[in-house]
Amino acid sequence: MQTPSISLIIPTHNRREMMDDLLRSIAGLSKKPEEVMVVDDGSATPYQAPSLPGLDVRVLRHDSPTGPGKARNTGVHASAGDILLFTDDDCIACDGWIESMTERLASGRESGLGGCGGSVGAFGKDLFSRYYDFHRILEPRPHDRANPRRIPYLVTANCGVWRHAFMRAGGFDGRIPTAGGEDAAFSMRMAKMNYYFEHVAEARVLHRYRPSLSDFCKTFYRYGLGGRYVVDRYLSR
Amino acid sequence: MSWIDIFLADGDPHKVYGADAKTALSHMMRPSDFPRLIKAYWKSDLPRMLIPAFLILDLCRAYAYRKGFKDGAHFPWPDDP
């Protein structure tokens, strides 16, 4: 197979400055994606990407918020890459991210490797960032003794999947309107198609966590909501 | 298994691997887990002065997740167009 092309998909909602920072970090990578699809999911002020040399950024827009899962689906359907990379608008890409993710995906294509999840570190040094970092909350851990790279699911803050696998699985479940649960549901759809996932420690992004107890609680409330959806719709039949 | 079980297993996921996804998503910290959690923090490389704050965050996290999980049963999930 020829070198696979790469599309990076990023949903965003009312985070213009963070989104700009993320794009700047991608523009500074030694290897860049062929295209970057930013899906503005109903921001109050429509997002306009800065002009960055060497980076082909397209901004798509939903007039009203639909949730990150549906926004990612929009980005994927408008993109053309063989490999789909996902991250969030509150992340910063670290050098080596794209090479390590795509090399691992390419090495496992024939064996059914559908997706890879990378490392997610904390950008800040505040208490909340240290907590997320300590527990590696956004980083699935290898779980299979016989296959030490295998991870049970992907987290969309940092993952890459083959387009053909994404399409077979039907993309993200658009019925989840919040951030939380949509990546677990997506992983289950992929696993149902007999794809497996691996961890790539070298593929690293940094995540900005909001240093407030209120936001911390809201985040886990959303994870609980999404967790219930996944349990009821995917695991109870 | 959930985050707390993995951590309580001293970071060795193989000790707890085997639970299904339903258990992992449904389970959150119970009060009876607290002594083991304190011990695990104590044995970890976490600075001691951060342990009380982390325990408070654990409580907030468990409460928020449980509430979300409970509310999710009645949440008006939209239809997929």
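Trainee: What counts as a helix and what as a strand here?

Mentor: Helices are DSSP runs of H or I with at least four residues, and strands are runs of E with at least two. Numbering starts from the N terminus. Keep in mind that this is a predicted model.

Trainee: How many helices and strands are in chain A?

Mentor: Chain A has seven helices and nine strands.

Trainee: And chain B, how many there?

Mentor: Four helices and zero strands. From the N terminus on, the order in chain B reads α-α-α-α.

Trainee: What are the scores for the model?

Mentor: The ipTM is 0.90 and the pTM is 0.92.

Trainee: Where is confidence lowest in chain B, and where is it highest?

Mentor: The low point is helix H1 of chain B, residues 3–8, with a mean of 54. The high point is helix H4 of chain B, residues 51–71, at 92. Chain B as a whole averages a pLDDT of 77, and 69% of its residues score at least 70. Where pLDDT is low, the predicted coordinates should not be read in detail.

Trainee: Back to chain A. What does its radius of gyration agree with?

Mentor: With a compact globule. For 237 residues, such a globule would have a radius near 18 Å, and chain A has 17 Å. The C-alpha trace of chain A spans about 45 × 40 × 35 Å along its principal axes.

Trainee: What percentage of the residues in chain A is buried?

Mentor: Buried residues are 50% of the 237 in chain A. In chain B they are 22% of the 81 residues.

Trainee: What about contacts between residues at least 24 apart in sequence?

Mentor: Take contacts in chain A between residues at least 6 apart in sequence. Of these, 75% join residues at least 24 apart. The corresponding value in chain B is 53%.

Trainee: How many residues are in the largest nonpolar core?

Mentor: It has 74. The residues with the most contacts inside it are A:Leu22, A:Leu84, A:Leu85, A:Met101 and A:Val205. H7(A) gives the largest share of this core, eight residues. In soluble globular proteins, nonpolar side chains tend to be buried together.

Trainee: What does A:Leu22 contact?

Mentor: Leave aside neighbours within four places in sequence. Then A:Leu22 is in contact with A:Ile10, A:Asp89, A:Cys91, A:Ile92 and A:Ala93.

Trainee: A:Met101 is on your core list too. Which buried residues of H3(A) go with it?

Mentor: The buried set in H3(A) is A:Trp97, A:Ile98, A:Ser100, A:Met101, A:Thr102, A:Arg104 and A:Leu105. Their cover includes strands S1, S4, S5, S6, S8 and S9 of chain A.

Trainee: What should the span of helix H3 in chain A be?

Mentor: Count 1.5 Å a residue over its 12 residues, 97–108, and you should get 16 Å. The end C-alpha atoms are 17 Å apart, which agrees.

Trainee: New topic. Where is A:Lys32?

Mentor: In the loop between H1 and strand S2 of chain A. A:Lys32 touches A:Ile98, a buried residue of H3(A). It also touches A:Ile26, A:Gly54 and A:Leu55, not counting residues up to four places away in sequence.

Trainee: Why does A:Lys32 count as partly exposed?

Mentor: Because it has 18 C-beta neighbours inside 10 Å. Buried needs 20 or more, and exposed means 12 or fewer.

Trainee: How far is A:Lys32 from A:Asp56?

Mentor: Their C-alpha atoms are separated by 9.4 Å, and the two are 24 residues apart along the chain.

Trainee: What is phi for A:Asn14?

Mentor: About 55°, a positive value, although A:Asn14 is not a glycine. Most residues other than glycine have a negative phi. A:Asn14 is in the loop between S1 and helix H1 of chain A. A:Arg136 also has a positive phi, near 45°. A:Arg136 is in the loop between H4 and strand S7 of chain A.

Trainee: Why is A:Arg136 partly exposed?

Mentor: Because 17 other C-beta atoms lie within 10 Å of A:Arg136. A:Asn14 has 15 such neighbours, so it counts as partly exposed as well.

Trainee: Last one. How many residues does each chain give to the contact?

Mentor: Chain A gives 30 and chain B gives 31. On the chain A side, helix H4 and helix H7 are the elements that give two or more residues. H7(A) has the largest share, 14 residues. By class, the chain A side has 18 nonpolar, five polar and seven charged residues.

Notes:
Residues numbered from 1 in each chain as written. Chains lettered and ligands numbered in written order. Predicted model: local features only at pLDDT ≥ 70, side-chain atom pairs only at ≥ 80, totals over all residues. Contact = placed C-beta atoms within 7 Å. Nonpolar A, V, L, I, M, F, W, Y, C, P; charged D, E, K, R; others polar. Rg over C-alpha atoms; globule rule 2.2 N^0.38 Å. Expected span 1.5 Å × (residues − 1). Core = buried A, V, L, I, M, F, W, Y, C linked by C-beta atoms within 7 Å. pLDDT = per-residue confidence, 0-100.
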